[in-house]
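Please open the model in your viewer and keep the selection panel at hand for the stops that follow.

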Amino acid sequence: MENTIVKNGIAIKARNISKTFQISEDSHNTVKHRLFNLFNPPRTKYVPALKNLSMEIMQGECIGLLGRNGCGKSTLVKLLAGVYPSDTGYVNIQGSTMLMNLGVGMSHELTARENVYVSGSVLGLKIKEIDAIFDEIISFAELEGFVDTKIKFFSSGMVARLGFSIAVKAGADIMFLDEIFAVGDAKFQEKAIKVFESSWIQGKTVVLVSHSMEVIRKYCNRAAFMRKGELVYFGDTEQAIDLYMKDNE
Amino acid sequence: MISKTLSSWYSGSNKLERLWLLAKIEFKLRYYENKLGLFWALLKPILDICIYYVVFNIIMQQGIPAFASYLFIGLILFNFFIESTSGTIAILNAKKYLYEYSNMNKLEIYISTLMSNVIGFTFNFIMFMVFYNFLEPQSIGLSIQNFWIVPIFANLFIMALGVSLILSNIYIIAKDITQIWQVFSTVLMFISPLFYKLSSFKAALPSFDYANPLAGIIINARRVMMQGLQPDYELMIFDYGYAFLFLFVGLILLNKLGSKAAEKL
């Protein structure tokens, strides 16, 4: 099974995946509460976030994900990244994944240096490889004077820059970028976009979530349009953008 | 399912490096953040031993030979177990940053945390060796049987890993497992042969050396480290059985409940 996937160059294969969130209105999350309410189960609301969705993403593709707020984009991204389990069907992921949105996997109790090493290692790099790119990451993030400072003392912009830098320099096999072009000040954004355009995107599998049509149009060779937890369209970028624009009218 | 978890964890090249990196950082966070630092890790078992020595040897006069060493080896093993279980109940919450943004295998989080506890245990064990061989008047010195401590400790490690997996995954659905485990660990402390003479322990609590998974480990550790004897093989097999049973249940829970940690915690 795995061999055929590698041969075909599929990075992610999702078949009939769905996700329903159970939200209990009166949370019985202690043993005592559960014991006293054995015959009085908490009222549970079921929120279907994704409905029976299938998609294949090839290696090296940049896929755009479009849809209005609450249509299930972020849930889909988390399922495809292997962060959430799916209720039905399966997701096959070939390689390491990294999800970037406002935060990336960093601990506020650790210093910038430690976070770079931990994140790099989680993304599959060896210590020597991280040693080699360490200075680049720090200088790209413009954090030279704060290498051994715990990031809980950083401003939110500094944390976001560090996360973006790690992603740019270390990167996982499959990257999920959820509205990341809002990181840092104008100058950093310009720099980030430049790197993103120049080389970084090549050879990486990227799933891009953005409300900016310009960004989607520029980078994505295919795009998916979602509405109310369903995949309405997956294919040509322009067509997906048209559908999204119509949905917004 | 379990073999899949294990094989997916083992494949890949930087896993060991990553485990060691996470273990070192965990160790540093635990000890270097405080004023006393690593000194506290060394001081704590000594203080514990002083307290129990006064209570059980001076006040209660049990007359156990080499009682300070007897306590020492038992306590460091027991403390390793407690730190690796009580200390990891909320691990999936504390280490969320590691798995919330990537598909990292959660089992690595547990193993690295336990490895950092092994570093602490190693310091304590060296202290025990120094104490027993140079300061203990009733010491029998080094023995070839001492090497048995390696499989005995491996047994404890697997057991602690299993229990840690069980507790921390139950934590996802029932937070007050923390309080329940606190009480349970106190009970465990008093039904383990930590302070008592082995013969009175066996007389008072018959077959508890088999029923309590920690008892056999402590008994065997004393046999190989202080009495120059081979371990009690039957007890050892029993305790390995417990350890793998806990690990098995823990891995099932990790698959069933742990996969939902990112959304539930």
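Begin in this predicted model by selecting B:Lys202, which at 39% relative accessibility counts as partly exposed. Add B:Asp209, which forms a salt bridge with B:Lys202, the closest N and O atoms lying 3.9 Å apart; at 8% relative accessibility, B:Asp209 counts as buried. Both belong to a stretch of chain B, residues 36-257, that an unreviewed UniProt entry annotates as "domain: ABC transmembrane type-2", and if you colour these residues by secondary structure you will find 75% helix and 0% strand, with the end C-alpha atoms 38 Å apart.

Next, select B:Glu26, B:Arg30, B:Glu83 and B:Lys95, which are linked in a network of salt bridges.

Move then to A:Glu114 and B:Lys28, whose closest N and O atoms are 2.5 Å apart in a further salt bridge; because A:Glu114 lies in helix α4 of chain A (residues 112-122) and B:Lys28 in helix α2 of chain B (residues 15-31), this pair joins two chains. A:Glu114 is buried at 12% relative accessibility, whereas B:Lys28 is partly exposed at 27%.

Finally, show strand β5 of chain A, residues 97-100, where A:Thr97 and A:Leu99 point one way, A:Met98 and A:Met100 point the other way, and all are buried. In a regular strand the side chains alternate between the two faces of the sheet. Adding strand β6 of chain A, residues 174-178, displays its parallel pairing with β5(A) over four bridges, and within it A:Phe176 stands opposite A:Leu99.

Terms used. Residues numbered from 1 in each chain as written. Chains lettered and ligands numbered in written order. Predicted model: local features only at pLDDT ≥ 70, side-chain atom pairs only at ≥ 80, totals over all residues. Heavy atoms only, no water. Buried < 20%, exposed > 50% of the residue type's maximum accessible area, 1.4 Å probe, protein only. Pairing = 2+ DSSP bridges. UniProt positions renumbered as here; feature names shortened; annotations may be inferred. Salt bridge = Lys/Arg side-chain N within 4 Å of Asp/Glu carboxyl O.
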